[in-house]
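Let's take a friendly walk through this structure, starting with one puzzling residue and moving out to the elements around it. Keep the 3D view open as you read.

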Amino acid sequence: MSASSGEPLLSARELTKTFTSRGPGGVLGRRVAFTAVDRVSFDIRAGETLAVVGESGSGKSTTARMAAKLMEPTGGSLEFAGEDVTRAEGPALARFRKDVQVVFQDPYSSLNPRHTVERILMAPLDYQGIAPKGGRRALTKELMERVGLDPDHSQRYPAQFSGGQAQRIGIARALAVGPRLVICDEAVSALDMSVRAQVLDLLRRLQRESGFAYLFIAHDLAVVRRIAHRVAVMSGGRIVEAGPCERVFADPRDPYTRTLLAAIPRINPAWDRARRARADRASDPSQEAPHG
Amino acid sequence: MSARAGLLVVEDLTVTLPTTRGPVDVVKGVSFTVDRDDTLGIVGESGSGKSMTSLAIMGLLPRGATATGSVRLDGEELLGRPDRELRRIRGDGISMVFQDPLSSLNPYYTVGLQIEEAYRAHRGGSRKAARAVAVEALTQVGIADAERRAGHYPHQFSGGQRQRVMIATALVCSPSLLIADEPTTALDVTVQAQILRLLAGLQERTGTGMLFITHDLAVVSSLARRILVMREGDPVEYGEAERIFSDPHHPYTRALLESVPRIDDDAEVWL
């Protein structure tokens with residue numbers, strides 16, 4: 001599904017987060033303020049993927065937490081579907097939670113080890129007080145099928161799954177309430193390369209099927225290239241460059257973006273081209289000898 | 001013994017770990033050679049046995065684990081050596097840099113003292129002489145104002161600088177072989193690029209043989225002359241880097257290369 005235009009689904013305006021701590025001198029020291037996120041603004045439209053990339057300390061995860069309303073901003077505002085949710089509580093916050101779900105980096109630490117997959121997947125509905133249509137077991141199995149897990153394993157525990165499978169459980173849980181925005185905070189960073197590629201493919205397929213939007217937080221530009229429609233590059237708490245994915249990669253305008261792109265390790269392009277040419281020849285049926 | 005016998009020759013290395021369900025082979029008959037001034041990349045995903053291979057070479061396997069086969073450094077067999085002799089070889093002949101510099105450095109000692117101790121453990125000499133060596137080592141790995149910085153504690157360094165300190169510690173006795181186990185995995189991509197350049201530059205100057213262990217094919221592509229791909233303890237494919245990357249023979253190597261996201265112009269576009 002292509003990104004639709006029109007009203008933004010999520011709109012952040014000058015989001016700011018300042019932390020204060022005691023400076024040198026311990027409890028007697030002066031309070032020192034540190035601005036982790038400095039007046040960050042962005043829009044996410046329905047059905048599109050905005051990736052926020054940056055290195056450690058860039059403020060990308062703090063931005064994600066504020067967008068997910070897991071952390072109060074010090075300043076700025078957040079609108080969801082035209083409604084100001086900056087200070088939303090009670091029923092308004094519950095509505096927001098039904099529409100916005102989060103997938104975390106470490107699948108094992110974000111899944112309760114003592115709960116079965118069914119209980120984990122149904123938890124968001126339980127919190128929302130929603131009765132699953134068709135019953136808990138049926139919805140669990142449907143969700144497991146959608147993320148490529150064996151539905152017969154609904155009574156197993158997280159430890160019985162591999163890292164990639166556990167992350168699929170985390171994704172299925174995010175889908176349970178039918179969200180309009182899924183925030184992925186380094187959701188594939190902890191996974192092995194081959195598993196990472198599969199999970200990225202899954203995330204893309206789910207978006208095509210259901211049309212929700214992603215806010216995708218990552219430190220890895222190569223991963224972002226594979227999933228995002230638009231990219232915002234963060235450094236030192238600010239967005240230094242934002243634009244369509246293709247444009248930012250092909251024609252980076254900010255010096256920091258250029259440094260970041262240049263630092264990505266690359267396989268020798270000549271070797272890679274040779275390998276792909278070989279693979280194409282091998283998969284092209286016209287090159288194969290006729291049978292019989 | 002001929003000069004081309006190889007600095008490190010590993011033959012049919014098998015590592016067995018005891019588990020509650022009986023012994024399990026986590027490295028199954030791995031063979032490779034690292035020459036002087038040469039880098040071998042060992043590539044694998046989690047559980048491939050790549051780190052167990054390096055621990056077996058260092059004689060640092062967990063209790064109860066056994067290693068069979070042969071590991072020769074400069075023609076000398078290392079497997080089955082008593083711990084006392086291995087301690088002499090570690091640091092002096094073989095040194096190692098790990099993924100997480102913070103857990104490898106002692107937070108209570110200045111980095112200068114830690115490098116001095118690594119040096120004096122093998123070479124002896126006075127504190128003062130060792131300090132001069134430590135400061136020189138820090139300068140070599142690109143720590144500015146090394147004399148003053150030697151008096152600082154690990155927490156006063158950034159992640160990339162800590163990894164530079166670890167590399168300085170590893171190289172202070174001029175080992176003939178450096179084992180780097182995911183040395184840049186915990187680092188930001190711009191810092192990773194700096195550390196990779198540093199390692200390549202140091203190797204050019206010192207001729208140290210390097211065993212570079214990583215899950216990241218792109219990282220190893222610029223560094224290694226030869227590649228060993230491992231999976232679940234098995235050696236899957238071994239050969240010159242150019243051949244492995246341009247003409248992978250094994251389906252697993254092909255799948256790994258397919259999974260590396262491309263970032264350049266001809267990457268497939270998805271909208």
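B:Arg164 has no salt bridge, so is this residue buried or exposed, and which side chain of opposite charge is nearest? Please bear in mind that this is a predicted model.

**A buried arginine**

B:Arg164 is buried, and the nearest side chain of opposite charge is A:Glu55, 12 Å away. A salt bridge requires a side-chain nitrogen of Lys or Arg within 4 Å of a carboxyl oxygen of Asp or Glu, and B:Arg164 has no such bridge. What the side chain of B:Arg164 does reach is the backbone oxygen of B:Val141, at 2.8 Å. Leaving aside residues up to four places away in sequence, B:Arg164 touches B:Val141, B:Gly142 and B:Ile143, and also B:Gln194, B:Ile195 and B:Leu198.

To place this arginine in the fold, look for helix 7 of chain B, residues 159-171, where B:Arg164 lies. Helix 7 of chain B packs on a sheet, which brings us to the next stop.

**The sheet of chain B**

Chain B has an open sheet of six strands in the order 6-7-8-3-9-10, and the pairing is mixed. Its edges are strand 6 (94-97) and strand 10 (234-240) of chain B, each of which pairs on one side only. With direction ignored, neighbouring strands of this sheet are turned by 15 degrees against each other on average.

Strand 6 of chain B runs parallel to strand 7 (residues 177-181) of chain B, and four bridges join the two. To find this pairing on your screen, look for B:Ile94, which stands opposite B:Leu177 in strand 7 of chain B. Helix 7 of chain B touches both strand 6 and strand 7 of chain B, and its direction makes about 175 degrees with that of strand 6 of chain B. Helix 8 (residues 189-206) of chain B also packs on the sheet, touching strand 3, strand 7 and strand 8 (209-214) of chain B. The angle between the directions of helix 8 and strand 8 of chain B is about 160 degrees.

**The sheets of chain A**

Now turn to chain A. Six strands form an open sheet here, with the order 6-7-8-3-9-10 and mixed pairing. The edge strands of chain A are strand 6 (100-103) and strand 10 (238-244), each pairing on one side only. From one strand to the next, the twist averages 15 degrees.

Helix 2 (residues 90-99) of chain A packs on this sheet and touches strand 6 and strand 7 (181-185) of chain A, with its direction at about 55 degrees to that of strand 6 of chain A. Towards the other edge, strand 9 (residues 230-235) and strand 10 of chain A pair in the antiparallel sense over six bridges. In this chain, A:Ser235 has A:Arg238 of strand 10 as its bridge partner. Helix 9 (residues 255-263) of chain A lies across strand 9 and strand 10 of chain A, at about 100 degrees to strand 9 of chain A.

Strand 1 (residues 8-22) of chain A is worth a look too. Strand 1 pairs with strand 2 (residues 31-45) of chain A in the antiparallel sense over 11 bridges, and A:Pro8 stands opposite A:Arg45 in strand 2 of chain A. Five bridges join strand 1 to strand 4 (residues 75-80) of chain A, again antiparallel, and A:Ser11 has A:Glu79 as its bridge partner in strand 4 of chain A.

**Salt bridges**

B:Arg164 goes without a salt bridge, but a search of the whole structure finds 38 over all chains. Here are three among them.

| Salt bridge | Closest N to O |
|---|---|
| A:Glu246 and A:Arg225 | 3.8 Å |
| A:Asp272 and A:Arg275 | 3.1 Å |
| B:Arg226 and B:Asp38 | 3.3 Å |

What do these pairs hold together? B:Arg226 lies in strand 9 (residues 226-231) of chain B and B:Asp38 in the loop between strand 2 (24-34) and strand 3 (39-43) of chain B, so this pair ties together parts that are 188 residues apart in sequence. Both B:Arg226 and B:Asp38 are buried. They also belong to a network of salt bridges that links B:Asp35, B:Asp38, B:Arg225, B:Arg226 and B:Glu240.

A:Asp272 and A:Arg275 are three residues apart in helix 10 (residues 269-283) of chain A, so about one helical turn separates them. Both are buried. As for the remaining pair in the table, A:Glu246 is partly exposed, with a relative accessible area of 34%, whereas A:Arg225 is buried at 8%.

Conventions: Residues numbered from 1 in each chain as written. Chains lettered and ligands numbered in written order. Predicted model: local features only at pLDDT ≥ 70, side-chain atom pairs only at ≥ 80, totals over all residues. Heavy atoms only, no water. Pairing = 2+ DSSP bridges. Axes fitted to C-alpha atoms, helices over the stretch in contact; angles between N-to-C directions. Contact = heavy atoms within 4.5 Å. Buried < 20%, exposed > 50% of the residue type's maximum accessible area, 1.4 Å probe, protein only. Lys, Arg positive; Asp, Glu negative; His and termini not counted. Polar contact = N/O pair within 3.5 Å; in protein donor to acceptor, adjacent residues only side chain to side chain.
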